Amino acid sequence: MMRFVKSGLGAALAAGVLAFGAGEAFAQQKEVVFGFQCDRTGPTALVGTVLCPGYRDYIDLINSKGGVEGYKIRVVEVDNEYKVPPAMEAHERFKKEGAVLDAVYGTPQIAALNKKLEEDKMLGTSPGFGSAAAADGKRYPYTFPIAASYWSQAGAAVEFVKEKLGSLKGKKIAFIFYDNPAGKEPLPILEELAKSEGFELRTFAVPAPGVEMGAQVLDITSRYKPDFVIAHLFGRSPSVSIKEFKGKGYPLSKIVSFVWGSAEADIIAAGGMAVAEGYNTMQFAGVGTDFPVLKDIQAMYKAQGKQPPKEMESSVYYNRGVMTAAVQVEAVRNAIKAKGGAMPTGEDVKKGMESIKGVTLGGLLPPLELTPTDHEGGGWVQIWTVKGGKLVRTKDWFQGFRSVIQKHIAADASKS
Amino acid sequence: MFHREAGVFKTTYASDMALYPLPIAKWTMVGLAVLFAIVLPMTLEEYYLSILNLIFIAVVGALGLNILVGYTGQISLGHGAFMSVGAYTAANLAVRLGLPFWLTLPAGGLMAAFIGALVGIPSLRIKGLYLAIATLAGQLIIEWTINHVPAISGGAQASIEVPRPDLFGLVLNTQFRLYFFLLFFAALAIIATLNLIRSRIGRAFIAVRDQDIAAEIIGINIYRYKLLAFAISSFYAGVCGVLYTYYFGIANYEAFQLIVSIDYLAMIIIGGLGSVLGSIFGAIFVTLLPIVLRILLENVGLLIFSESELANVISGTRLAVFGGLIIFFLIVEPEGLNRLWRNIRSYFRVWPFSY
C-alpha cells in the first residue's frame, strides 16, 4: 500500500524524482546492478522482443538459485528504440543506479557509447553489433563484442564454402548485402580472401529497407550463376531473399547467411521451414531448446506454476539473449571471486570479463576465450542448416581464417 | 496577476523595441538564466544533467526547423541529413586537420547551410506535400552519399571518432562540463532566433509564410528569402549535428536517419509552429516524456506485473501513451504547447476577473 501511495504521489507530481526514491527504498542489501538496453518497440523489435526475455530469464534463473556469489542481480532495463540519444540517457541512468556493466543494444548506439564507457570505466557488451575493430581490447578497453564480428563471420563463411566446394580455386561466389555500414563491413575480408583463395567475388547491394531485391537475385541466379551465395541481410530482408532465391530456382543449400538472417522467424516469414530446406545459417549461440540451462529456465517457470515463455521457441534470438546474460554473469562472478567476495567495480568486472574461458553452458556458448587484447573471444560460429522442418547443426564451433581477421584488426588500429 | 502592463511607459524607441518590454519578463529571464547557469548544475545529479544536455541539443535543432517550417512555411523532411552534414564536416575537420571546436562548429553549420540551400532550391517552384517529398529525396541522397563516399565517411563503418572538445585546456568529458558547453549554444540559439524573427529577415519570412504572392507584390524577393530560410534553418541543424558529434564523441550517419527528421517535426508541431518558446517546449516534451513515462511505469507497474514481464509492458505502454498524449495535446490545442501556455498566461493576466 505504501508503495502505491508513493507511486501515486510521483505520478501526480509527474516529476519522477520521488518515483526514483520509491524504487530505491526496496533495493536489497547485497546486489549488483546490470544495465540492460533493449529494443522492444523500435525498428529491430523483431529481434528485441525475443532476445530480451532470454536475457531476463537467465538473470531470473541465476537469482532463483541464490544469485551470483551471494549477490542478487538487479536489472535496470531501458528500451532505447534503436535511437542514439536514449542510449546515452540509458547509460547515465545505469551509472546513477550503480550498474557494473552496460549491455548495449544496437550498432550506432555502441558506436556512440564507446568513448563514454571508457571514461566511466563501465564495460559495454555488444554481441552481434558494432564494428569488427572493437574486438581490439587495447584500442577499445571497455567495449566487448563477445561474439563473432562481421569480419569473423566473413572468414567463417568462406571457410564453410571452401569445405562445401572442396577447393575455392576458380569458383564464383556472390555476396549479397544490405547497403549500410554494417552490411559493407565484411567486404575487405572477402576481397582479401578472394585473392588469397583464388575465387571470384561479386557483390550485390540491397538498398534499405531491403524488401525489394528481385533485380539483384535475378542478376545472381540468371546472369552470374555463382557456385555459392553468402548473404548478409537484416530485418525483413532475409525472408525476402529466401523467397526470391527459392522463386528463381536457386538451391538454398548453396546459400549461407550471416547471423542476422538466421532466425526461425526469418525462415517462417519466408514461407516456413519446409520451403527453406537446405538453407544454411550462421550462429554465434546454440540453437534449439536442448540445453541444460534452458531446461532449468523451464523448470523455474514450472516451479512458479507458469508456462515457459513462448519466446523460447524462437530459440535463435532467445538463446543469444541467454548467452549475453551468461557471459556477463560469468564476468561478474570472476570479479567478485577476485575481490574475495567484495562488491566489484566496473574495472573489476572488466578484468573478470577478460579472464572468461571455458564457460559453455553445455554447448549454448562457443568456447569463448576473452583476453585483454581479444574482446571478441575468438570469433566462433556454428552452421545450422534447415533439414526436415527444423534447424540442424551441420558444423560445430569453428573459426575461419583467424590470422587474416587479426591482421585486419591490427591494420585498422594502426590507421587511427 | 503579476504580469501587469499598466504603468509601464516607454520614452525611447530603443526601450520600446526591447526584447522584453515588461520588467516582469526581464526579471523572469534573469531568474531563468540564474536557474540554468548556476542553480541546476550545482544541485542536480549527473543523470539529470545528461537529460538536460539532450534537451539542449534538441532545442537547437527544433529552433532551426521552426524557422523554416513555422516561420517561413516551407516544410523539410531532410533535417536529419542536414545534421549529419554538420556532424561529418566537423568530424573531418577535427580529425584530419585537428581544428578546435570553435572552428569546426561554425564550419559544420555553414556546410549544412550550403547543402540545405541546395536541397531547398525546389521550394522556389513547389510547395506543401511536393516540397516534403523533394526534401525527403534530399535526406536519402545525403544518407546515400555519406554511406558510399569514404572520403566523407572515413571508411566502411561510416563513423569518425572525434576527440572531446577542450576549452583553455579543460577537456569537456563529463556531463557536468558538457552541460555548460551545450547550455551556451542552446542559449545562443534561442537569443539569435528571438532576434532574427523580429528583424527585417524574420518579417520577410513571416510574409512569405502567410501569402507568398502578396509578399512578392510588396517587394520581398521570395526566392532569396526562401533559400535564406533553408540556409539559416540548416545552419541550426548543422550546429545541432556538431553538438551531437561532440556529445557522443563520434559522427555516425545512422544516428541522423529519416526518423530523426520526423522526430524534430513532431517536436515543433507539438510545441507550436512559429514560436521560439514552442520549439523549446516541444524539445522538452519529446525528449522528456518517454523518460518520465518509463520511470512512472516502472514504479506503478510493479504492483501488477513481475519485474521481467514489466519490461515488455513498459515498452508497449510507453509508446501507446506517448502517441496518445500527442493526440490529446493536439486536440486540446492544435497550435501546440506554446498556445496552451499563452492561454494559461492570459487567463491569469486578468485574474480574478474574466475580461
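This report describes the overall build of chain B, the nonpolar cores, a nonpolar surface patch and one buried lysine in a predicted model.

**Chain B as a whole**

Chain B contains 15 helices and four strands, and its C-alpha trace spans about 65 × 65 × 45 Å along the principal axes. Because a compact globule of 355 residues would have a radius of gyration near 20 Å, the value of 22 Å for chain B agrees with that expectation. Among contacts in chain B with a separation of 6 or more, 75% join residues that lie 24 or more positions apart. The other general values for this chain are collected below.

| Property of chain B | Value |
|---|---|
| Share of the 355 residues that are buried | 48% |
| Exposed area | about 16,700 Å² |
| Share of the exposed area from carbon and sulfur atoms | 72% |

**Nonpolar cores**

The largest nonpolar core has 228 residues, and those with the most contacts inside it are Phe34(A), Ile230(A) and Tyr264(B). Helix α3 of chain B, residues 46-71, gives the most to this core, contributing 19 residues. A second, separate core has seven residues, among them Val33(A), Val76(A), Val78(A) and Phe94(A). As for Ile230(A), once its neighbours within four places in sequence are set aside, its contacts are Ala157(A), Val158(A), Val161(A), Ile173(A), Ala174(A), Phe175(A), Ile176(A), Leu190(A), Val256(A) and Phe258(A).

**A nonpolar patch on the surface**

On the surface, a nonpolar patch with about 970 Å² of accessible area together is formed by residues including Trp27(B), Met29(B), Val30(B), Leu32(B), Phe176(B) and Phe180(B). Two helices of chain B, α2 (23-43) and α8 (175-197), each supply at least two residues of this patch, and α2(B) gives the most, with nine residues. Val30(B), one of the patch residues, sits in helix α2 of chain B; because its relative accessibility is 39%, Val30(B) counts as partly exposed.

**A buried lysine**

Lys226(B) belongs to helix α11 of chain B, which covers residues 222-248. Its relative accessibility is 1%, and Lys226(B) therefore counts as buried, the cut-off for that class being under 20% relative accessible area. Apart from neighbours within four places in sequence, Lys226(B) is in contact with Gln74(B), Ser123(B), Leu124(B), Val208(B) and Asp212(B). Lys226(B) at 1% is thus buried, whereas Val30(B) at 39% is partly exposed.

Conventions. Residues are numbered from 1 along each chain as its sequence is written. Chains are lettered from A and ligands numbered from 1 in the order in which they are written. This is a predicted model: local features need pLDDT of at least 70, side-chain atom pairs count only at pLDDT 80 or more; totals for chains, interfaces and linings use all residues. Side-chain values use heavy atoms; hydrogens and water are left out. Patches are made of residues with over 30% relative accessible area and no salt bridge: like charges are joined within 9 Å, nonpolar side chains (Val, Leu, Ile, Met, Phe, Trp, Tyr) within 5 Å. Accessible areas come from the Shrake-Rupley method with a 1.4 Å probe; for residues, only the protein chains shown count as cover. A salt bridge is a side-chain nitrogen of Lys or Arg within 4 Å of a carboxyl oxygen of Asp or Glu. Buried means under 20% relative accessible area, exposed over 50%, partly exposed in between (1.4 Å probe, protein chains only). A nonpolar core is a set of buried Ala, Val, Leu, Ile, Met, Phe, Trp, Tyr and Cys residues joined through side-chain atoms within 4.5 Å. Contact means heavy atoms within 4.5 Å. The radius of gyration is taken over C-alpha atoms; the globule rule is 2.2 Å times the number of residues to the power 0.38.
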